[in-house]
Amino acid sequence: QVQLVESGGGLVQAGGSLRLSCAASGNIFKINAMGWYRQAPGKQRELVATIISGGSTNYADSVKGRFTISRDNAKNTVYLQMNSLKPEDTDVYSCNVQYVQYGSTWGRDYWGQGTQVTVSS
């Protein structure tokens with residue numbers, strides 16, 4: 001089993017900052033990638049940012065220059081520093097981990113339950 005513990009969401013005024021964190025634990029041999037996605041009610045989930053094991057990152061165009069994803073490999077934790085937040089960033093942010101468990105060669109992925117980010121104007 002894998003557990004993802006997300007934290008850092010909340011309410012902030014436009015222009016403010018928040019930092020999300022997501023810690024993965026459990027039957028994990030190797031993490032290939034971690035990332036953050038967001039979803040508003042009635043809309044499809046969209047990628048916010050991802051980081052792979054080698055450190056390469058990928059961002060949605062809408063957050064480039066404002067958000068920074070980073071990872072602590074020793075703690076199996078990914079962070080999302082969100083600056084210059086806008087009301088349109090309001091969403092439920094969910095953590096995703098792509099991993100290989102002990103005794104297997106198959107890649108798997110797992111989702112966190114999500115944390116609400118609300119940006120007021």
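Here a biologist and a modeller talk through a predicted model and the terms used for it.

Modeller: A word first: this model is predicted, local features need pLDDT of at least 70, side-chain atom pairs count only at pLDDT 80 or more, and totals for chains, interfaces and linings use all residues. Residues are numbered from 1 along each chain as its sequence is written, and side-chain values use heavy atoms, with hydrogens and water left out.

Biologist: Thanks! Why is T115 called buried?

Modeller: Buried means under 20% relative accessible area, exposed over 50% and partly exposed in between, with a 1.4 Å probe and protein chains only. T115 has 13% relative accessibility, so it counts as buried. You will find T115 in strand β11, residues 115–120; strands are DSSP runs of E, at least two residues, numbered from the N terminus.

Biologist: What makes G9 a polar contact of T115?

Modeller: A polar contact is a pair of N or O atoms within 3.5 Å; within protein, one must be able to donate a hydrogen and the other to accept it, and residues adjacent in sequence count only if both atoms are side-chain atoms. The backbone nitrogen of G9 lies 3.4 Å from a polar atom of the T115 side chain, so the distance is within the limit.

Biologist: Now the rings. Why is the pair of Y37 and W111 called edge-to-face?

Modeller: Rings of Phe, Tyr and Trp (its six-membered ring) pair if their centres lie within 6.5 Å; planes under 30 degrees apart count as stacked, over 60 as edge-to-face and the rest as tilted. For Y37 and W111 the centres are 5.0 Å apart and the planes at 70 degrees, so the pair is edge-to-face. Y37 lies in strand β4 and W111 in strand β10, so the pair ties together parts that are 74 residues apart in sequence.

Biologist: How buried or exposed are these two, Y37 and W111?

Modeller: Y37 is buried, at 16% relative accessible area, while W111, at 29%, counts as partly exposed.

Biologist: How do you know that a charge sits over the ring of W111?

Modeller: The rule asks for NZ of Lys or CZ of Arg within 6 Å of the ring centre and within 35 degrees of the ring normal. The charged end of R45 sits over the W111 ring, 3.8 Å from its centre. R19 likewise lies over the face of Y79, at 4.1 Å from the ring centre.

Notes. Helix = DSSP H or I, 4+ residues; strand = E, 2+ residues; numbered from the N terminus.
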